[in-house]
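Q: Please take one helix of this model and look at it closely: is it buried or in the open? Then set it against the rest of the structure.

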Amino acid sequence: MKKKKLISLFMAAGMALSLAACGSSSSSEAAASAPASEASAAVSAAGSEAASGDFAGTITLGVIGPMTGTLAVYGTHISNGVELAVEQINADGGVSIGGEAYALATETKDDQGDSTECLNAMNALISDGIGLVVGSATSGCTSAITSVANSEGVVLITPSGTADALTTEMDYVFRTCFKDSFQGQLAAKYAADNGYTKVGIVYCSADTYSAGLRDAFSASCAELGVNVVAEESVATMTDVDYTNQFNKMVSAGAELVFIPFYYDVTGPYLVPQARQAGFSGVLLGCDGVDNTETTIPDGADLSVYNDFYFINHYAEDLAATDVSSCFVSSFKDKYGESPNNFDALGYDAVLVYKKAMEAAGSYAAADVQAALADTSVVYEIASGKFSFDETGTPIKSGVLMGYSYNEGDAAVTKSSIQTLEVE
Amino acid sequence: MRQDKTAKRYLINGIALALLMAVSVCISLTGGNTIKLKVVPAVWQCCYLIIMAASLNLVLGFLGQLSLGHCGFMAVGAYTAALISLAFQRAGIYEAKSGAAFILVVIASFIAAGLLAAILGLIVGIPALRLKGDYLAIITLGFGMIIVNLINNIPFCGQQGLSQGAASSALYANGLGFSNDEKMKYMWLGILAVILCMTVMFMFVRSKYGRIIRAIRDNEIAASASGINVSFYKVMTFAFSAFFAGVAGALYSCCNSALATTSFAFTNGSILNSVFIVVMVVIGGMGSLTGSVVAAIGMFLLNYTIKNGAWVNALPGFLQGIFTYPMLVYSVALIIVIMFRPRGIMGTSEFALYDIPKWPARIKKHFAKEAAKSEKREEAAVNE
């Protein structure tokens, strides 16, 4: 009896340790790659090597994002972008405040995509004395920490929290992405410009992101004279069955269906089921759809991913500024893959902080907030040039990207199509 | 003699609770920044988790019915309390978030949250509790999802109502959503709510109703043959348990300034969801209220310290790998508990302060028994 228990305990421990080994091996890989990239960064910044040696101090930025859980891709990519920016800034001599150079460092917290965890992470960062925070990835989580940021006087830049109201009430909250109403406008404008008159919406009324986009999209459609013929909601953002919803879309005769969902359902469930239900028109998603290529199941019929477009913050090949092309090449050097919009937006958040700290001549949260609140400053960052509006949301453009199935190499490729702007 | 002992027990527990209240008031008056940012939010989260686990234990442990939608009641309570506090503020009952009027409103909203959840428990319980086992589990699971969808589609309380910027900051500025300072100032409220709820639940399970529902759990047919109205007591317990889940929801809305229905789902990324509450009850021991308290605090601390505690950093590197995947840690913890304590940490026994001095003797006795058992087994093996 006892032996049995001991054996099973060992087996459980073995299982846990094997997984732990996976975890630690990946982290040791990261550790192994870090010195290499540091070395390359040092080489690229050989001129300023002397400067990088004597920093007057270190400014720690807090990073909050879903590092584990269903939305882990968002958090890890934001963190990748942030790390890259921090590394580059440090190699270039740091942040110069009042004639002295300061190094940047990061402290990363996992929120598991949950608002309570996000609040705990935020409180932990504040109690560690951090005054500048990048986070969190989704609107739902971010809305749980905006009020704390304001009341504790901590600057919060969310790289990808797109819900409109995140920044309106809170002076200490900014973002580097565009907001949902703008994204919805872009989507409606795309539909109008391309001559679609009958569109449908499948969304999740339970989710801040999805419902906000749906509101913005249908409002803009009404303005632009595009007819919303059918509208269906699902229970959660992680639903696995969309067949009924798309049956209704087909019977209502929708030519384009707006799908404000995240990548974790579009790849395996939503898109294949939409096609199975007989919907052959255009599927138009938003920034959450980026990375769908990572969730397409093996052996799936890849042709279903044709005519699948989404609005995005940034496209590598439509990169306009020097900063963006430099970002793309250095990101590829460091991580060996092309950056997606979370990488870019996380990177941007750090650049925005750097510029604001230098303008304010201080890294105290209140001074940085005052510098960020200046709407005349133009930030030149990886996802384009922008300046903040009075609420703390960038005024910028978006891009349309699309997936297409390539029969030649039997793969789904993602490509950018055009830059979208509203007057 | 026996009465004397009971009086002593009450005295000791009363003193302990008074001390707890005193400490919480002291902390809220004198606490520094670290306490405000790390300890106080943790205490608040523990408060609602304790009430949730203990209230589910009434249904799962004492009544013996599996309910998978307990967070649905919590959602009802959270939204009710938040909306009532906002309504009172708009009606001009209180201006700033302080003073007697505000505290009265908070208490009223707690009670209202519990009552509405209890009414819903009644409505759900009457049809659902005709079923048993798996079927009941499925119905309650469905209920949890229905509640979430209902809330999402009621215009004034849906997702668009309390989690998005303007409305959520209204809740934060004027309603129940406490900032860190207010959490510290009103920590005694949370502690008091837990003490009151736990006391009432204890009184319930120790009363004749408690005996009746345990009789139903042990054998429904025998219970009904002895003249117990089984359906009545089942529904009553269900509604009673829902009341406390509602109060826990009200505490949750104090604790989190933004309400989103995803927090009350069947499963999600955090430790607050219907499944995890069941896990807490099972770990603590089905049929032990103090077990639920221990399990709720234990699970919370495990979750909280994985991210904030120093002990993870002190572990050797290969072990730290596990802790980057918190969900994995919970499952291993669950396996270990179930392997060594199949009936939960506390089983069905309760923890009593009065008995602590007797522990050394009990532990000795336990090991003596075990030793005797294994000796016997060895003897048997030798004889064979």
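A: In this predicted model, helix α18(B) lies largely in the open, because the number of buried residues among its 25 is zero. A residue would count as buried with 20 or more other C-beta atoms within 10 Å of its own. The helix covers residues 359–383 of chain B, and its end C-alpha atoms are 36 Å apart; at 1.5 Å a residue the 25 residues should span 36 Å, so the two values agree.

The domain assignment puts residues 353–383 of chain B in domain 2, while domain 1 takes 16–266. Between the C-alpha centres of these two domains of chain B there are 41 Å.

A helix of chain A serves for contrast. α4(A) is mostly covered, with 13 of its 13 residues buried. From its first C-alpha to its last, α4(A) reaches 18 Å, close to the 18 Å expected for its 13 residues at 1.5 Å a residue. Gly129(A), just after α4(A), has a positive phi of about 85°.

α4(A) also has a part in the contact between the chains. That contact takes 49 residues from chain A and 51 residues from chain B. On the side of chain A that touches chain B, at least two residues each come from α1 (2–44), β3 (100–110), α4 (115–127), α5 (139–152) and α7 (208–224) of chain A. The most is given by α1(A), with 11 residues. By class, this side of chain A has 19 nonpolar, 22 polar and eight charged residues.

Chain A also holds an open sheet of seven strands with mixed pairing, in the order β8-β7-β9-β10-β11-β15-β16. Its edge strands, β8 (227–234) and β16 (411–420) of chain A, each pair on one side only. On average, neighbouring strands of the sheet are turned by 25° against each other, direction ignored. Within the sheet, β10 (residues 282–285) and β11 (residues 308–312) of chain A run parallel and are joined by three bridges. Leu283(A) stands opposite Phe308(A), which is in β11(A).

Helix α8 (residues 243–252) of chain A packs on this sheet, where it touches β7 (198–204), β8 and β9 (256–259) of chain A. The direction of α8(A) makes about 170° with that of β8(A).

To return to the helix in question: α18(B) has zero buried residues out of 25, whereas in α4(A) 13 of 13 are buried.

Terms used
Residues numbered from 1 in each chain as written. Chains lettered and ligands numbered in written order. Predicted model: local features only at pLDDT ≥ 70, side-chain atom pairs only at ≥ 80, totals over all residues. Domains from an automatic or database assignment. Contact = placed C-beta atoms within 7 Å. Helix = DSSP H or I, 4+ residues; strand = E, 2+ residues; numbered from the N terminus. Nonpolar A, V, L, I, M, F, W, Y, C, P; charged D, E, K, R; others polar. Expected span 1.5 Å × (residues − 1). Buried ≥ 20, exposed ≤ 12 C-beta atoms within 10 Å, placed from the backbone. Pairing = 2+ DSSP bridges. Axes fitted to C-alpha atoms, helices over the stretch in contact; angles between N-to-C directions.
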